[in-house]
Amino acid sequence: MKSSEKQPVRPSGGLFPLRFKKRPLLFSSRLPRPPWRNLFLNRMKDPNRFDRKRLRLDHVIKWFFASNALLSIVVLALITLFLFREGAGFFPQNLQNLRLYRKAGLEYVDLMRDQVEAHTTLNRSLQDLRMRQVAALLKQGKTPEEATAALAPFDAFTTGFDASVDELRGLVSDLTDSVSAIKEKAKVHEDALEQCRFLRKAGRNADAVSVTPVDFAAELAPIRAAFPLYQTTAHHFYGKLEDLLRQRPELPVQTLQPRFDQFQKAAHAYLDTFSKTERSLQAWDPNAPVPWARCVTSFLFGSEWITNSFWQDWFGILPLLAGSLLVSAIALVIAVPLGVCAAVYVSELAHPMEAQIIKPYLEFIAAIPSVVLGFFGIAVLGEGIRAMTHWEALSWISSFPIAERLNAFTAGALLALMAIPTIFSLSEDALNSVPRAFKEASYAMGATRLQTVVRILIPAALSGILSAVLLGFGRVIGETMVVLLCAGNRIAIPDFTQGLGAVFQPVHTMTGIVAQELGEVPSGTIHYRALFIVGLFLFFLALGINWMAQAAVRRFKISIG
């Protein structure tokens, strides 16, 4: 070992037998504390540190609910954008559909077809009148043979009325075949153009695709040349109807004479339309432009929803909207009195034991699946309502007895059952939120309990009750399964001229048409996009109902304090 090498110093004692000499430290042993340590120590010494933690927890809760609200807004925006994206192409496609409808001559033939359809409607009313006469005669004790003999003059009138339109119907049938062929050629031409665009977009040669343009003027020349034949046929048709109406028979059942008088008025009004139809045919121009706004108005105000037709598809939301509003109105007429009265009784009048029984049972209705209620409506409620319409006590209603068990009233009654829990719960909460001082002041003035409820509590809770009614309306107008099973699914505007009988007619709704047809249509077609526009319309309708509920709360809210 070298002598210059440091030797370890053996200690006199201790735990370690060897140790090196102590060297000086490079840094001072008393280093300054870092700022974060001082901040931590100061906070730990602060007696209000737990309040600050609670504040931070409050901030976390606030941010949590704020983020949920933001998420709801984002989801709502995404739903709106999705509906717009899927349905945006409907109006351009509908405009193209309407232009082809005019160019191919379908609009021209439909002017004549409307005459035939109006005659068919009148003839249907005659058949209904005959059925009622037979039922009345049989009820009087006559045999079927005697009833048929009594109705012989009326049957002759009905047969002549039915046969009077045969010539015009034959002409319309021939023209229908001709314009259908023109429309088919136009569709083949459009398909060929679409195939060429697809091939060019894919970078392929499209010269092999045969594109044959349609000369609409030449194709429509034979159709326009049939106008003199129409004039002759319509003149003969008009003369036959006039002769029949002058020789009207007497009904064997005098109680049904007012119905026959209504038919005659409708028939005379129908004759007045002949000159208007003739002028429309003369003025018709296949090259007249179709304004862009018509593709929107035909949807919003169209009275027909016809799809997959060989003739022309129509997408009018009016019959669906009328059916939805009619069913919802029936439901609210039943549900609002029951729900609000039950809320008033449970909140103010019932014994606590009664409230503990009534409230859970009413709220349990909301747990019943809508498909179960639909089955109940088909098997029980619909049959029961149809049987009730045969009661003698209800014979004064013009449309009774009814033939369809599935109609607007059946669906509305079931929707009322579904809306009662919503209206009841929200109305009860509104009544319970009225300050107790209001009631005590009323009792102090000598008012009875009923006077207090009617004049104090209900006006004070009116904003909440109106909100409950509007939210119940939103609940029933958005229901799908019950109306799909029980409303009858007939796409037609109800005939409100029948009075009370209009509520017993089959209808279709916006939710029902979307649920029924969306799964069966190809993606991207005009039918597919039309259903999304219906969904978008229903979406904004629901938003409007909720906005009105909030506006009602603000408008009728009583300032307290």
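The paragraphs below lead through a predicted model, beginning with one helix and moving on to a buried loop residue, the salt bridges and the aromatic pairs.

A convenient place to enter the structure is helix α9, which has 20 residues and reaches 29 Å from its first C-alpha to its last, close to the 28 Å expected at 1.5 Å a residue. Its buried residues are Phe227, Tyr230, Thr233, Ala234, Phe237, Leu241, Leu244 and Leu245. When the helix is viewed down its axis, these buried residues fall within an arc of 115°, so they line one face of α9. The background to such a pattern is that an α-helix has 3.6 residues a turn, so residues three or four places apart point the same way. The buried residues of α9 pack against α4 (106-139), α6, α7, α8 (216-225) and α10, whereas the face turned away from the buried side carries the exposed residues His235 and Arg246.

Following the chain onward, one comes to Val253, whose place is in the loop between α9 (227-246) and α10. Is Val253 buried or exposed? With a relative accessible area of 4%, Val253 is buried, because buried is taken to mean under 20%. Leaving aside its neighbours within four places in sequence, Val253 is in contact with Gln133, Ala136 and Leu137. The C-alpha atoms of Val253 and Val134 are separated by 9.1 Å, although these two residues are 119 residues apart along the chain.

The charged side chains give a second way of tracing how parts of the chain are linked. As general background, side chains of opposite charge can pair when their charged atoms come close. In this model the count comes to 18 salt bridges. One of them joins the side chains of Lys240 and Glu167, at 3.7 Å from N to O. Lys240 lies in helix α9 and Glu167 in helix α7 (residues 166-201), so this pair ties together parts that are 73 residues apart in sequence. Lys240 counts as partly exposed at 34% relative accessibility, and Glu167 is likewise partly exposed, with a relative accessible area of 40%.

Another salt bridge involves the loop that also holds Val253. Here Arg248 pairs with Asp261, the closest N and O atoms being 3.6 Å apart. Arg248 is in the loop between α9 and α10 and Asp261 is in helix α10, 13 residues apart. Both partners are partly exposed, Arg248 with a relative accessible area of 38% and Asp261 with one of 29%.

Further along the chain, the side chains of Arg405 and Glu383 meet in a salt bridge of 3.2 Å, N to O. Arg405 lies in the loop between α14 (370-388) and α15 (408-432), while Glu383 lies in helix α14, so the pair ties together parts that are 22 residues apart in sequence. At 29% relative accessibility Arg405 counts as partly exposed, and Glu383, with a relative accessible area of 30%, is partly exposed as well. Salt bridges that share partners also join Arg102, Glu107 and Arg294 into one network.

The aromatic side chains complete the picture, with a count of 24 aromatic pairs. Among them is the pair of Phe154 and Phe260, which is edge-to-face, with 5.9 Å centre to centre and 65° between the planes. Which parts of the structure does the pair of Phe154 and Phe260 tie together? Phe154 lies in helix α6 (residues 152-163) and Phe260 in helix α10 (residues 257-283), so the parts concerned are 106 residues apart in sequence. Both Phe154 and Phe260 are buried.

A pair within one helix is formed by Tyr528 and Phe532, which are four residues apart in helix α21 (residues 526-556) and therefore separated by about one helical turn. Their rings form a tilted pair, with 4.9 Å centre to centre and 55° between the planes, and both Tyr528 and Phe532 are buried. Beyond these two pairs, Phe90, Phe91, Phe299, Trp305 and Phe315 form one aromatic cluster. An aromatic ring also meets a charged side chain at Trp311, where Arg113 lies over the face of the ring, at 4.4 Å from the ring centre.

Notes:
Residues are numbered from 1 along each chain as its sequence is written. This is a predicted model: local features need pLDDT of at least 70, side-chain atom pairs count only at pLDDT 80 or more; totals for chains, interfaces and linings use all residues. Side-chain values use heavy atoms; hydrogens and water are left out. Rings of Phe, Tyr and Trp (its six-membered ring) pair if their centres lie within 6.5 Å; planes under 30 degrees apart count as stacked, over 60 as edge-to-face and the rest as tilted. Helices (H or I, at least four residues) and strands (E, at least two) are DSSP runs, numbered from the N terminus. Buried means under 20% relative accessible area, exposed over 50%, partly exposed in between (1.4 Å probe, protein chains only). A charge sits over a ring if NZ of Lys or CZ of Arg is within 6 Å of the ring centre and within 35 degrees of the ring normal. Contact means heavy atoms within 4.5 Å. A salt bridge is a side-chain nitrogen of Lys or Arg within 4 Å of a carboxyl oxygen of Asp or Glu. The expected span of a helix is 1.5 Å times one less than its number of residues. The arc is that of the directions from the helix axis to the C-beta atoms.
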